[in-house]
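This report describes selected features of one protein chain. The sequence and the structure are shown first, and the description follows.

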Amino acid sequence: MRARYGVPLTLTAVGAAGLAYAAGFEVRSFRLRRVTVPVLPRGMRPLRVLQVSDIHMVRGQRKKQRWLQSLAGLRPDFVINTGDNLSDPEGVPEALDALGPLMEFPGAYVFGSNDYYGPRLRNPARYLIERAQGRHGLNGNAPVVGAVHNPWEELRDAFDAAGWVGLSNTRGRLKLEGVEIALTGLDDPHIKRDRYAEVAGGPESGADLSLAVVHAPYLRSLDAFTADGYPLILAGHTHGGQLCIPFYGALVTNCDIDTDRVKGLSTHTAAGRTSLLHVSAGCGTNRYTPVRFACPPEATLLTLTARD
C-alpha cells in the first residue's frame with residue numbers, strides 16, 4: 001500500500017503546500033526592486049523614476065492599497081504607470097485611493113487591456129498552448145465577444161486632473177526642476193490598439209531625455225522604438241511569468257517576448273541600434289488566478305544615471 005499510494009500522496013501534499021504558499025503568502029509579499037540605468041547624458045544629475053504596473057485592483061485588497069500608498073515615501077522625481085490598473089469594474093475608487101499619494105508627483109501613464117475590459121475565467125494551460133502556437137491576446141486569436149467594459153474613463157480623468165500625462169499613441173513632456181523629459185507612448189499592443197505611425201519619428205530635440213512607454217512588450221513595438229533611437233523603453237504586462245519554476249524561471253510571457261526578458265532590465269536590438277528595456281513584473285494578478293510563485297509582486301525604483 002505504501003508503494004502504491006505513497007508517491008501520489010506526497011506529490012499531492014507538495015502541490016497543495018505550493019498552492020497555499022502562492023495564494024496565501026507570496027501574492028501579498030510586495031517588494032521594491034531597485035535598478036540603476038545608465039541612460040542620461042553626461043553631466044546630468046541622477047533621476048529617480050518609480051514604475052508601477054499591473055496593479056489589477058480588486059475591491060478589498062487593503063494590503064495592496066497600503067503598500068502602494070507607502071511608495072510615496074520614496075519621493076521619486078516622477079512616476080510611470082504602465083497599465084492594467086483594474087481587475088474589477090468596481091475597483092476604480094480603490095485603485096485611485098491606492099495611487100493617490102503617488103499622484104502628487106509628476107507622472108505619465110499608458111493603459112493595458114484590463115483597464116478597458118474586465119478579465120474572464122480561462123484555463124491557465126491556455127497560456128502554454130498559445131505560447132506554443134504563437135498566439136497572444138488579439139494577436140492571432142479571435143476577437144473577444146461579450147467582454148465586460150471597465151470604467152477606464154474615470155481613471156483617465158483622475159490621472160489627467162492630477163497632471164499625469166496620458167501617452168496612448170501620443171507624445172508628452174514632463175518638466176521637472178531643471179530637467180525636461182520627452183515621452184512617447186503606445187496604447188496596448190496586446191489588444192491591437194497600438195498605432196506607432198502616429199508617434200513615429202524618434203526622440204524629440206530639445207529634451208534632456210526621451211523615454212518610450214508601452215504596456216505589453218510585443219516585439220513590433222520594441223523594434224519600432226529601438227529603430228527610432230529611444231535609449232530606454234518601459235513596459236509591464238508579463239507579471240514576470242507569475243508562476244515560475246525556481247532556478248529555471250518563467251514559462252510564459254503572455255506576449256511574443258522571450259522568457260529571458262520577462263522582467264527586469266535587459267537590452268533590445270533592432271535595425272542596428274540597441275535600447276535598454278525594463279519590464280516590470282507588476283504587483284497584481286488577474287482576479288481569477290490570484291496566485292504568484294517564485295515571482296513576488298513588485299514595483300521598481302529606477303535610478304537613471306549618466307552613461308559611462
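## Aromatic residues

In this predicted model, Y117 has a relative accessibility of 28% and therefore counts as partly exposed, since that class lies between the cut-offs of 20% and 50%. Y116, by contrast, is buried, with a relative accessible area of 3%. The ring centres of Y116 and Y117 are 6.4 Å apart and the ring planes meet at 55°, so this pair is tilted.

The model contains eleven aromatic pairs in total. One of them is formed by F111 and W152: the ring centres lie 6.1 Å apart with the planes at 75°, so the arrangement is edge-to-face. This pair connects distant parts of the chain, with the two positions 41 residues apart. F111 belongs to the loop between strand 4 (107-109) and helix 4 (113-116), while W152 is in helix 6 (residues 152-161). F111 counts as buried at 2% relative accessibility, whereas W152, at 21%, counts as partly exposed.

These four residues belong to one aromatic cluster, which consists of Y109, F111, Y116, Y117, W152, F159 and W164.

## Charges over rings

Y116 also has a charged neighbour: R193 lies over the face of its ring, at 3.8 Å from the ring centre. A further case involves R287, whose charged end sits over the ring of Y288, 5.8 Å from the centre of that ring.

## The sheet

Strands of a sheet pair through backbone hydrogen bonds, in either a parallel or an antiparallel manner. Here, six strands make up an open sheet with mixed pairing, arranged in the order 1-14-2-3-4-5. Its edges are formed by strand 1 (31-40) and strand 5 (165-166), each of which pairs on one side only.

Within the sheet, strand 2 (residues 47-52) and strand 3 (residues 78-81) run parallel and are joined by four bridges. V52 has N81 of strand 3 as its bridge partner.

## Helix 2

Which residues of helix 2 are buried? In this helix, spanning residues 62-70, they are K64, Q65, W67 and L68. These residues lie on the same side of helix 2, because they cover an arc of only 165° around the axis. An α-helix has 3.6 residues a turn, so residues three or four places apart point the same way.

The buried residues of helix 2 pack against several elements: strand 1, strand 2, helix 3 (92-99) and strand 14 (298-306). Strands 1, 14 and 2 appear in this succession in the order of the open sheet.

Key. Residues numbered from 1 in each chain as written. Predicted model: local features only at pLDDT ≥ 70, side-chain atom pairs only at ≥ 80, totals over all residues. Heavy atoms only, no water. Pairing = 2+ DSSP bridges. Buried < 20%, exposed > 50% of the residue type's maximum accessible area, 1.4 Å probe, protein only. Arc of directions from axis to C-beta. Contact = heavy atoms within 4.5 Å. Phe/Tyr/Trp six-rings, centres within 6.5 Å; stacked < 30°, edge-to-face > 60°. Lys NZ or Arg CZ within 6 Å of the ring centre and 35° of its normal.
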